[in-house]
Amino acid sequence: MDKTHLVDEITGHRRMRRNRKADWTRRLVQENRLTVDDLIWPIFIVPGTGIVDPIAAMPGVSRMSIDKAVEAVREAADLGIPAIATFPDIEMELRDETGSNSLVANNLINQATAAIKKAVPNIGIITDVALDPFTSHGHDGILRDGIIVNDETVDQIVKAAVMQADAGADIIAPSEMMDGRIGAIRRGLDAAGHQDVGIMSYATKFSSGFYGPYREAINTSGLLKGDKNSYYISPANGTEAVRDAALDVEEGADMLMVKPGLAYLDICWRIKEAFGLPTFAYQVSGEYTQIKAAAMNGWIDGDRIMMETLLCFKRAGCDGILTYFAIEAAKKLSKG
Ligand code: PBG
């Protein structure tokens, strides 16, 4: 042995680099893999026709009218993306204190669902029932005397969920973090004959600064008074997040989601370990935007970091990822 080296004999028997030495060994020992089946694509819908309106704070993402969304979703389905998630940018005139437009059967979001379902029947459609796109104050629930009232909000979102299912939604994903909503939505869907419509709970939704660009996308940033700290979870609390998810599991959630994603990988892992349900991370608007912005400045390799972050969600136990990168990532994956 060459005594000039400090590596000892024990190390000699345990060289981690043997498995990393060549492309073929690295492929052989790879533990996690990202595939197109892991991707859910969130899209923004606006009224009108022929509209593709770029969102300044989310380079590469646009609000689309339903006809354009149908075309885009067809492309997503052709790429093999299993599901989309839709968010509406509702006209300001239709927003009010209680978000009453959420209870209009042929509102923008339900029209979009029906049109997409008809044109692209083989892609899953996930809809949100939070009231924030519909309220004049940008909160996710009904605001009364400065308080977001829980039980009234739940009554309303159950009705909205049934209408979304009537329109063809495959999975209802409630993001407003009201207590008891999963059980109430399950009962409401079942009573309306929608036993096969699933629920993906935004089980652990944190009160986060990473949602900034989304609020620009659906034009709620100028409306929102105060913050959402009385219903979203504090970024400081992991055990509370697991408890909240446990209630959703008891109440009948089919799938769980952690949101935002990258800063909350510990929560993804804990929830997957604790419940074993299909678990998803939402790589939210701010996460997307910071990667895009740095890449546009030439400061990071955007493609590489896109794929790296998506793979890291898999390593953290996620079954899939809601991501604005879905189309780009799917194209990259299909090239191999
Ligand atoms: C609200 C909602 C939010 C997002 C989707 N639905 C957060 C919020 O504005 O409070 C965020 C999505 C994103 O940032 O990409 N119910």
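A residue is called buried here when its relative accessible area is under 20%, exposed when that area is over 50%, and partly exposed in between. With that in hand, let's look at helix α6, residues 181-191, which is mostly covered: eight of its eleven residues are buried. Please keep in mind that this is a predicted model.

**Helix α6 and its surroundings**

The buried members of α6 are R181, I182, G183, A184, I185, R186, G188 and L189. You will notice that two arginines, R181 and R186, are part of that buried set. What do the buried residues of α6 pack against? Their partners are helix α5 (150-167), strand β8 (171-173), strand β9 (198-205) and helix α8 (239-251). Just after α6, the backbone at G193 takes a positive phi of about 85°. On the other side, in the loop between β8 and α6, sits M177, and we will come back to this methionine below.

**The chain as a whole**

Stepping back, the protein chain holds twelve helices and twelve strands. A compact globule of 336 residues would have a radius of gyration near 20 Å, and the 21 Å found for this chain agrees with that. Along its principal axes, the C-alpha trace spans about 80 × 45 × 40 Å. Buried residues make up 52% of the 336 residues.

How much of the contact network links residues that are 24 or more positions apart? Among contacts with a separation of 6 or more, such pairs account for 75%. As for the surface, the chain exposes about 15500 Å², and carbon and sulfur atoms supply 52% of that area. Charged side chains number 36 positive and 46 negative, with the centres of the two sets lying 9 Å apart.

**The nonpolar core**

In soluble globular proteins, nonpolar side chains tend to be buried together. The largest nonpolar core of this model has 100 residues, and the members touching the most others are W41, I43, F44, I185 and M200. Helix α3 (residues 66-79) gives the most to this core, with seven residues. I185 brings us back to α6, where it is one of the buried residues.

M200 is a good place to zoom in. Leaving out residues up to four places away in sequence, M200 touches I40, I126, I171, I172, A173, P174, M255, M257, F280 and L322.

**Backbone features worth a look**

Most residues other than glycine have a negative phi, and most peptide bonds are trans. Which residues go against these habits in the model? M177 has a positive phi of about 60° although it is not a glycine. N219, also not a glycine, has a positive phi of about 55°; its place is in the loop between α7 (212-217) and α8. Are these two buried or partly exposed? M177 counts as buried because its relative accessibility is 5%, while N219 is partly exposed, with a relative accessible area of 33%.

The peptide bond between K259 and P260 is cis, with an omega of about -10°. P260 lies in the loop between β10 (255-259) and α9 (265-275).

**Three buried residues and their contacts**

The table lists contact partners for three residues, leaving aside neighbours within four places in sequence.

| Residue | Relative accessibility | Contacts |
|---|---|---|
| T220 | 2% | R95, D132, G138 and R215 |
| A130 | 2% | D140, S175 and E176 |
| A167 | 18% | N110, T113 and A114 |

T220 is found in the loop between α7 and α8. A130 belongs to the loop between β5 (124-128) and β6 (142-144). How far apart are the C-alpha atoms of A130 and I157? They are separated by 7.0 Å, with their positions 27 residues apart along the chain.

A167 is found in helix α5, one of the elements that the buried residues of α6 pack against. Why does A167 count as buried? Its relative accessibility is 18%, and the cut-off is under 20%, so it falls on the buried side. A167 and I327 are 160 residues apart in sequence, and their C-alpha atoms are 25 Å apart in space.

Notes:
Residues are numbered from 1 along each chain as its sequence is written. This is a predicted model: local features need pLDDT of at least 70, side-chain atom pairs count only at pLDDT 80 or more; totals for chains, interfaces and linings use all residues. Side-chain values use heavy atoms; hydrogens and water are left out. Helices (H or I, at least four residues) and strands (E, at least two) are DSSP runs, numbered from the N terminus. The radius of gyration is taken over C-alpha atoms; the globule rule is 2.2 Å times the number of residues to the power 0.38. Buried means under 20% relative accessible area, exposed over 50%, partly exposed in between (1.4 Å probe, protein chains only). Contact means heavy atoms within 4.5 Å. Accessible areas come from the Shrake-Rupley method with a 1.4 Å probe; for residues, only the protein chains shown count as cover. Lys and Arg count as positive and Asp and Glu as negative; His and the chain ends are not counted. The place of a charge is taken as NZ of Lys, CZ of Arg, CG of Asp or CD of Glu. A nonpolar core is a set of buried Ala, Val, Leu, Ile, Met, Phe, Trp, Tyr and Cys residues joined through side-chain atoms within 4.5 Å.
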